[in-house]
Amino acid sequence: MKYRQLGNTELCISEVSFGTWAIGGGWGQANDNEAIKGLHTAMEAGVNFFDTADVYGSGHAEELLAKATKGKEDDIYIATKFCRAGDIYDPHTYSEETVRQYCENSLKRLKRERIDLYQIHCPPLAILKDGHVFEVLDKLQAEGKIRHYGVSVETVEEGLFALSMPNVKALQVIYNLFRQKPAEALFPQANAAGVGILVRLPLASGLLTGKFTETSTFAADDHRNFNADGAQFNVGETFAGLPFTKGVELARELAWIAEGRGNMAQASMRWILDNPNITCVIPGFKNERQVEDNLGTAQTSPFQEDELNRLRAFYEDKVKDYIRGPY
C-alpha cells in the first residue's frame with residue numbers, strides 16, 4: 001500500500017481507503033459479519049483510513065468501525081460527517097448546541113475520544129457562506145474533540161468557497177471518469193491551499209465496474225433504485241448524475257481501459273490516483289471479496305498520456321452533456 005499526505009496535515013493515509021455507506025445501509029441489504037471481515041482485510045493490507053457518516057445506517061456504520069478498529073485507535077484514522085440527521089437548510093442544524101451533540105453521538109458510537117476528520121455532510125452553499133458552522137468546528141478542534149475538519153461538497157462552487165476557510169483541511173468530492181469537472185480548477189486550487197482531496201463514488205455507483213446491463217435492477221432500499229432520478233437527494237450521488245441506461249452504454253465504451261489493468265473497477269480508480277492532487281479514493285464495499293478487488297488498484301499500471309487525452313475527450317464529447325444535477 002502507498003500513502004499520501006492529507007493536504008498539509010500530519011496525517012498520511014492509504015491511497016486506497018474505504019467508505020462505509022454500503023455496509024451501513026442505503027445500498028440494499030448488508031451483512032455485518034461480511035462487513036467486519038472486509039474491514040479487517042483492508043486493515044491487514046495497510047488501509048489506515050475509513051470514511052463514514054452519522055446517517056449511514058443511522059449510525060450503524062460508525063458502530064461497525066468501532067468494533068473493527070478496537071485497539072487500533074491510534075493507527076486507523078476515521079473520518080465521519082454530520083448535518084444530514086437534521087434539516088440541512090435550517091441554520092439551527094449548524095448551531096453549536098446541535099453540532100456538539102452530533103459530535104458527541106459519533107464519538108460515542110465510534111468509541112473514541114477524538115474524530116480524526118470531521119466533515120460537514122454536503123451542506124447548502126448558503127450555510128457555508130454564513131460561516132457560523134466553521135466557528136463551531138474551531139471550538140471543537142480547540143477542545144480536542146476533532147483533529148481536523150473538512151467539507152463534503154456536491155459542486156465545484158461549494159468546494160472553491162470551502163477553500164477560503166482557513167482551517168478546512170479536506171474536501172470530499174464526487175470524481176470519476178464520468179464526472180471530471182473538479183479536476184479543472186478545484187483540485188489545483190486545493191493543492192495550492194494545502195487541502196486534501198477524498199474521492200467518493202469513484203465507480204459511479206458501480207457503473208464503472210462494467211458489470212451492469214440495461215436490464216439490471218436494484219432492491220427497493222438501494223439508492224440506485226429510489227434515487228436514480230434524484231428523488232431523495234442530489235442525483236449526482238447516484239450513477240454520477242447520469243440516467244442509468246445511458247451510463248451503462250457509456251461504460252461499455254470504456255471497456256478498453258481494463259486491458260492490462262485487471263478489470264474496469266481497478267482501472268477506473270487507477271485513473272483517479274494518477275492525478276497527483278488526489279489524496280485517496282474511498283470506494284464502498286459489502287464484503288471481503290469486494291475489498292480485495294478494490295485493493296488491486298494499488299498495483300494497477302498508470303495511464304499513459306495518450307490514454308489520458310483519450311479519456312478526457314470521451315468525457316467532453318460523450319458524457320458531460322448528460323450529467324444531471326448541480327455539478
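User: How many aromatic pairs does the structure hold?
Analyst: This predicted model has 14 aromatic pairs. Phe 134 and Tyr 149 form one of them, at 6.4 Å centre to centre and with 35 degrees between the planes.

User: What makes Phe 134 and Tyr 149 an aromatic pair, and why is the pair called tilted?
Analyst: Two checks here. Ring centres have to lie within 6.5 Å, and these two are 6.4 Å apart, so they pair. For the angle, under 30 degrees would be stacked and over 60 edge-to-face; the planes here are 35 degrees apart, so tilted is what remains.

User: Why does that pair tie together parts 15 residues apart in sequence?
Analyst: Look at where the rings sit: Phe 134 belongs to helix α6 (residues 132-142), while Tyr 149 is in strand β7 (residues 146-152), so the contact ties those parts together. As for burial, both Phe 134 and Tyr 149 are buried.

User: What about Phe 218 and Phe 239, why is that pair tilted?
Analyst: Their planes are 50 degrees apart, with 5.8 Å centre to centre. An angle of 50 degrees is neither under 30 nor over 60, so the label is tilted again. Phe 218 is in the loop between β9 (196-200) and α9 (223-226) and Phe 239 in the loop between α9 and α10 (244-253), so this pair ties together parts 21 residues apart in sequence.

User: How do you know whether Phe 218 and Phe 239 are buried or exposed?
Analyst: Buried means under 20% relative accessible area. Phe 218 comes in at 17%, so it counts as buried. Phe 239 has 0%, so it is buried too.

User: Which residues form one aromatic cluster?
Analyst: That would be Trp 21, Tyr 56, Phe 226 and Phe 233.

User: What puts Lys 246 over the face of Tyr 322?
Analyst: The distance part of the test asks for NZ of Lys or CZ of Arg within 6 Å of the ring centre. Lys 246 is at 4.3 Å from the ring centre of Tyr 322, so that part is met. Arg 261 has its charged end over the ring of Phe 303, 3.7 Å from the centre.

User: Why is the contact of Lys 145 and Glu 104 called a salt bridge?
Analyst: The cut-off is 4 Å from a side-chain nitrogen to a carboxyl oxygen, and here N to O is 2.9 Å, so it passes. There are 22 salt bridges by this rule. Since Lys 145 sits in the loop between α6 and β7 and Glu 104 in helix α4 (residues 96-110), the bridge ties together parts 41 residues apart in sequence.

User: How do you know that Lys 145 and Glu 104 are partly exposed?
Analyst: The label covers what falls between buried, under 20%, and exposed, over 50%. Lys 145 has 24% and Glu 104 has 31%, so both get it.

User: What makes Asp 222 and Arg 224 count as buried?
Analyst: Asp 222 has a relative accessible area of 3% and Arg 224 has 15%, so both fall under the 20% limit. Their side chains meet in a salt bridge, 2.9 Å from N to O.

User: And where do Lys 318 and Glu 253 lie?
Analyst: Their side chains meet in a salt bridge at 2.7 Å, N to O. The pair links helix α13 (residues 305-319), home of Lys 318, to helix α10, home of Glu 253, 65 residues apart. Lys 318 is partly exposed at 40%, and Glu 253 is partly exposed at 31%.

User: Which residues are linked in a network of salt bridges?
Analyst: Glu 10, Arg 112, Asp 116 and Arg 147.

Note on methods:
Residues numbered from 1 in each chain as written. Predicted model: local features only at pLDDT ≥ 70, side-chain atom pairs only at ≥ 80, totals over all residues. Heavy atoms only, no water. Phe/Tyr/Trp six-rings, centres within 6.5 Å; stacked < 30°, edge-to-face > 60°. Helix = DSSP H or I, 4+ residues; strand = E, 2+ residues; numbered from the N terminus. Buried < 20%, exposed > 50% of the residue type's maximum accessible area, 1.4 Å probe, protein only. Lys NZ or Arg CZ within 6 Å of the ring centre and 35° of its normal.
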